[in-house]
Amino acid sequence: VHLKNTISIVTISGTSESFRNAVHFVNLDEPEARELRYETDAVIEHLMYHPSHPPFLSLRMIQRFGISNPSPGFIERVGTAYKAGSFSGIGSGVYGDLGAMVAAILLDPESRSIALDSD
């Protein structure tokens, strides 16, 4: 059995609408645990490196630290630290370093601003 990840376009008959099938590596005739692990790893990797992941995670982490309505700049700075894996020398330099993200949240001037007390 050979598995191949090909681009498959599905066209809806009678219309000009079409869409691309999702990536799928599993042989549905004879699924094996190994194939399912590969499929799961591919999905997790895709979600982890999606461009919307760092801002989404940054917003949620900032809110968990008690800042209900962070500015877009604050979210961007924290997301950049998460992508770069370091903030002011803190972190491993590897994409997705949560230590760098927490350091960016705690050490950012916006998180220590008195103006946030009225938020």
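## Ser88: exposed, with positive phi

Ser88 is exposed in this predicted model. Its relative accessible area is 64%. That value is over 50%, which means that Ser88 counts as exposed. Ser88 sits in the loop between H3 and H4.

The backbone of Ser88 also deserves a look. Its phi is near 50°. The value is positive, and the residue is not a glycine.

## Salt bridges of Arg77

How many salt bridges does the count come to? The count is two.

One pairs Arg77 with Asp108. Their closest N and O atoms are 2.6 Å apart. The contact ties together distant parts of the chain. Arg77 belongs to helix H3, residues 72–84. Asp108 lies in the segment after helix H4, which spans 98–107. The two residues are 31 residues apart.

Arg77 also meets Glu110 through its side chain, in a salt bridge with an N to O distance of 3.3 Å. This pair, too, links distant parts of the chain. Glu110 is in the segment after H4 and Arg77 in helix H3, 33 residues apart. Arg77, Asp108 and Glu110 are thus linked in a network of salt bridges.

## Burial within the network

Is Asp108 buried or exposed? Asp108 is buried, with a relative accessible area of 2%. The cut-off for buried is under 20%, so Asp108 qualifies.

Arg77 is partly exposed, at 37% relative accessible area. The salt bridge between Arg77 and Asp108 therefore joins a partly exposed residue to a buried one.

Definitions and conventions: Residues numbered from 1 in each chain as written. Predicted model: local features only at pLDDT ≥ 70, side-chain atom pairs only at ≥ 80, totals over all residues. Heavy atoms only, no water. Salt bridge = Lys/Arg side-chain N within 4 Å of Asp/Glu carboxyl O. Helix = DSSP H or I, 4+ residues; strand = E, 2+ residues; numbered from the N terminus. Buried < 20%, exposed > 50% of the residue type's maximum accessible area, 1.4 Å probe, protein only.
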